Amino acid sequence: MENNNFKIVISLFLFLGIFSLKAQQVSGIVYNKATQEPMEGVTVYFNNTTRGTITNSQGLFKIDLNEDIRTSLVVSFLGFKKIVQNNYVEDIVYKFYLEEELSVLNEVFLSSKDKKSRKKERSEDDKEAWSQKRKLNEFKKHFLGESKQAKSCEILNEDDIILEYDIKVKKLSASSKTPIRILNKYLDYEITYDLQEFEIDYIKDTLVNTIRNTTSVVYKPGTVYYKGTSFYKDLNENSIEKNKKRRSMAYQGSVLHFMRAIYSDNLLEQGFKFFYKNEEVAPRYSLNVNDTEDSNSKEVCLHRPILISDVFGSFSKLTPNEDIECFYIDGFGNHSPVKAITFFGNMGNQRIGDALPLDYQPTIEN
């Protein structure tokens with residue numbers, strides 16, 4: 001498939017601060033910075049999990065947590081700048097002061113050339129006149145994905161998404177006035193995703209029509225990159241058994257599954273096989289996994305590009321970043337820096353529509 005040639009770098013804006021967390025609750029008060037008054041209805045959550053709450057009429061919040069949970073605490077309210085708290089401890093009642101967001105973004109069609117010169121240099125791809133509809137379709141395709149579960153997703157506030165296409169550098173970028181609300185009907189989640197960056201860099205390709213003896217120039221996605229914070233909410237607790245099966249299938253062979261298997265040192269037991277130059281090799285041939293001073297974190301170094309297959313026989317290619325020697329991983333499967341490794345193939349095609357929260361735990365053995 002052509003999609004297997006895409007490469008993707010995904011940042012979930014997760015942080016691996018080196019600290020040990022034993023608290024059973026995190027609590028605090030949220031204020032309006034301008035008025036110094038408590039704010040009701042502010043969303044407070046642990047990034048990329050199902051753990052969150054909203055503040056009461058006094059601006060107070062409390063969230064239960066696992067003693068090992070390590071993702072950042074996010075404080076978010078429409079029209080105000082988001083606060084991300086990386087480290088938190090049990091004996092502090094936190095005070096957060098939200099500042100009003102003054103900037104208002106509008107849709108822009110970017111180009112450094114005038115209409116006359118653009119018309120002369122347009123390729124077949126540009127002639128399709130990057131309309132709002134086309135930009136939105138490209139965004140949903142590469143943000144949500146194209147799998148069964150991804151195609152079940154519905155964005156509830158599409159009008160809040162701001163899309164820009166730069167003809168000169170062939171790049172589609174996106175931002176949003178508010179957190180994007182995604183209904184994943186297949187996995188039964190509502191996802192609130194606060195998009196901070198989204199970019200698709202397009203690369204030139206030449207199509208040859210041997211029947212008509214013609215060639216044309218088109219631009220196809222090369223690199224897809226996005227980052228943000230996310231909060232997951234279970235939609236239908238009455239369909240627990242159906243959800244278990246669907247979520248377990250989505251988990252198998254995912255980036256989350258792979259990273260957890262590295263941390264637990266059971267890659268082969270979890271169905272992952274490694275190949276180099278068409279020969280199966282041991283995981284240690286390409287991966288070095290070392291303990292760190294933090295008992296909840298491990299250092300992982302990928303020496304060379306490697307091909308892996310999962311329990312379904314789907315293949316992915318992993319390529320290390322030449323400028324980043326190693327990355328770190330915790331027991332939840334959270335890895336950082338995310339740009340240390342690039343995924344192609346099956347894992348490279350996974351998007352938000354395929355993602356599960358970091359506190360997801362599989363209950364079905366395949």
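This section describes a sheet, the helix that packs on it and a surface patch in a predicted model.

The sheet is open and consists of four strands, arranged in the order β17-β18-β21-β22 with antiparallel pairing. Its edges are formed by β17, spanning residues 287-291, and β22, spanning residues 335-336, each of which pairs on one side only. In general, the strands of a sheet are paired through backbone hydrogen bonds, in either a parallel or an antiparallel manner. Strand β21 comprises residues 327-330 and is joined to β22 by two bridges, the two strands running antiparallel. Within this pairing, Y328 has S336 of β22 as its bridge partner.

Helix α5 packs on the sheet and touches β17, β18 (297-302), β21 and β22. The direction of the helix makes an angle of about 90° with that of β21. Helix α5 covers residues 255-264 and is itself mostly covered, with nine of its 10 residues buried. The buried residues of α5 are V255, L256, H257, F258, M259, R260, A261, I262 and Y263. The helix is followed by D265, which has a positive phi, near 60°.

A nonpolar patch on the surface is formed by M249, V311 and F312, which together have about 280 Å² of accessible area. Of these residues, F312 is placed in the loop between β19 (306-309) and β20 (315-320). The relative accessibility of F312 is 43%, and F312 therefore counts as partly exposed, since this class lies between the limits of under 20% for buried and over 50% for exposed residues.

Key: Residues are numbered from 1 along each chain as its sequence is written. This is a predicted model: local features need pLDDT of at least 70, side-chain atom pairs count only at pLDDT 80 or more; totals for chains, interfaces and linings use all residues. Side-chain values use heavy atoms; hydrogens and water are left out. Buried means under 20% relative accessible area, exposed over 50%, partly exposed in between (1.4 Å probe, protein chains only). Two strands pair if DSSP finds at least two bridges between them. Contact means heavy atoms within 4.5 Å. Axes are lines fitted to C-alpha atoms, for helices over the stretch in contact, and angles run from 0 to 180 degrees between N-to-C directions. Patches are made of residues with over 30% relative accessible area and no salt bridge: like charges are joined within 9 Å, nonpolar side chains (Val, Leu, Ile, Met, Phe, Trp, Tyr) within 5 Å. Accessible areas come from the Shrake-Rupley method with a 1.4 Å probe; for residues, only the protein chains shown count as cover. A salt bridge is a side-chain nitrogen of Lys or Arg within 4 Å of a carboxyl oxygen of Asp or Glu.
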